[in-house]
Amino acid sequence: MDSKEFRRRGTEMVEYICNYLETLEQRRVTPCVEPGYLRHQLPDEAPEEPEPWDKIMQDVEDKIMPGVTHWQHPRFHAYFPSGNSFPSILGDMLSDGIGCIGFSWAASPACTELETIVLDWLGKAIGLPDSFLALKPGSRGGGVIQTSASECVLVTMLAARAQAIKYLKQQHPFVEEGHLLSKLMAYCSKEAHSCVEKAAMISFVKLRILEPDEKCCLRADTLIKAMEEDEQQGLIPFFVSTTLGTTGSCAFDDLAEIGEALQRFPNVWLHVDAAYAGNAFICPELKYLLKGIQYADSFNTNPNKWLLTNFDCSTLWVRDRIRLTSALVVDPLYLQHGYTDSAIDYRHWGVPLSRRFRSLKLWFVLRSYGITGLQAYIRHHIELAKRFEALVLRDGRFEVCNDVRLGLVCFRLKGTDRINEKLLSSINASGKLHMVPASVNDTYVIRFCAVAQNAKVEDIDYAWDVITDFAAEILEKEQADEVSEIVDRRKTHTLAQKRSFFVRMVSDPKIYNPAINKAQTPHRMSTELTSPGHDGTVVTVQSPKTPGSATWISWPLAFLFASADDGTKNDVTLRFRHLDTMMRLSASRRNSATGGSSPSPEGENGITLLKSPKKSPILMRKRGTSPNPPGATAGTNNGSGK
């Protein structure tokens, strides 16, 4: 591609980018693909011969765009804003066109000096003390652009570690550095970003994660108590990372309280991570959130989040640049130059050597919008968040779970975590909105953030309509499921009660029948039950005299046949459902005269069966005939089948 074609293709690319951003809301906010989708659409090897540009761009639209999550989409409300603007894009284009690697002043003086100037501009706008600015007379501080807040936390922890080891080595010159390193302890809140934990892993130091208060704010008493406990255990506190605007709920640690308390620990490095919220401090009415910054040793924020500057652009300021660079200096001959003593070499300010000309895009943005334009942009996003908060509070089914100071609202349905998980997964699966969850005070919440550059009130109202529609559907289904669950649980409980009743009734039937309960447990069983038939015949069944005698009737039924010791008969009617006969107990003359032998179904030894003229003397169910319903007389068959 030569200059002529580049002009043409560059113009086409600018047009493509403009069309993409202008029609973004017509696309699905998140892709509907599965892992590996692209592997099946592209060749296994790079092409041997050049391919036409038009075909490449067609594949961008057909194969790449279906797998893109559109962070600039007006329906994207996850995470924090991913800054973008046309001035920033043009600045990156120019940086890419220049293509310099500005690791030192000599490698590209403009790259170094513009970064120093722009960082002083932004630091002043935020409200940082003069000691953080490189060009203030007498200042030892300064700012640098890193790739991300994670790198800012890492390099400050490395600097704090080097400072602590140097100090301890002076006190204990004969102790191995490895042993001293094993004693170092860093601190952060549970609400701090996970990059603090990763930085501790890379730095080979211990990290103690502390519990914040009910507002997710780390307090000084919690920190100092932990540090004193560790000192008693022989550990050495050396680094504290505080957060202004946590990722989960945009909470603020009490920086002023912590900073003042740390004056008792002069060798502890205090870092302030304000990746998202720090951008808002350019607004005068929000500078109160920066209270206590005078105690900090370092501060970082990300213009690539909320200052319309595209990634990567994370700004870090330190109070003493010598303490930072002394931990990271590596100075081979091929990197040295004649202005080392009078110029800044940013290769000593971070982990990588190579550096892009990133200050160009930040410079373009600051000049194109001005501080007032950026303030208006931030205030607009805060107004949108407040509108969403008001919509949530107006609906009794929902609750707000954080203190909404900036552009983030944490909310949830009143109820279980499970129903909120269902709500979020259903919304995200639809592709109409995209949000992410967080844990606030160990409770599952949904994060909603206004992120789009040109977000409007209509976008907030649309989002709320989608959320409430899905909420109504889920709550209705949840209510139906709950009713069904209650019914099933009641059926199960009833069945269990019936089974338990049957078992206990068989075990001791006198407990459940007043007539049996009235007749005490017999010592002598000589009770007679009789039941007249329709023709006057009587069926007589007599129980054995003694409980220990053998019987063809199970012993629970023996209680049914028992009479009281006073001779009164037990008025209990016995009916077998599988027979066409009802029986009543009556005394047998043979058994009353002679005792001891077991009764028999043939009428011997106390059981007399009187034949019905229409029925067999043997008590058997008729083939094809159902038993009588309750209350039917002996010998009667109504043919109902029940």
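Helix α3 (residues 86–98) packs against helix α12 (residues 359–394) at about 150 degrees, the axes lying 8 Å apart; axes are lines fitted to C-alpha atoms over the stretch in contact, with angles from 0 to 180 degrees between N-to-C directions. Helices here are DSSP runs of H or I with at least four residues, numbered from the N terminus. This is a predicted model, in which local features need pLDDT of at least 70 and side-chain atom pairs pLDDT 80 or more, while totals for chains, interfaces and linings use all residues. Residues are numbered from 1 along each chain, and side-chain values use heavy atoms, without hydrogens or water.

On the α3 side, P87, S88, L90, G91, D92, L94, S95 and I98 meet L360, K361, F364, V365, S368 and Y369 of α12. By class, the residues of this contact are eight nonpolar, four polar and two charged.

A second pair is α5 (residues 149–171) and α7 (residues 195–203), whose axes come within 9 Å and cross at roughly 45 degrees. That angle makes α5 oblique to α7 (neither under 35, over 145, nor 65 to 115 degrees). Residues of α5 in the contact include V153, L154 and M157, and those of α7 include V196, A199 and I202.

The largest nonpolar core (buried nonpolar residues joined through side-chain atoms within 4.5 Å, buried being under 20% relative accessible area with a 1.4 Å probe, protein chains only) has 75 residues; I126, L262, F281, I282, F299, I378 and L406 touch the most other members. Helix α12 gives the most to this core, eight residues. A second, separate core of 32 residues includes M157, V205, L316 and L324.

Key. Helix = DSSP H or I, 4+ residues; strand = E, 2+ residues; numbered from the N terminus. Contact = heavy atoms within 4.5 Å. Nonpolar A, V, L, I, M, F, W, Y, C, P; charged D, E, K, R; others polar. Buried < 20%, exposed > 50% of the residue type's maximum accessible area, 1.4 Å probe, protein only.
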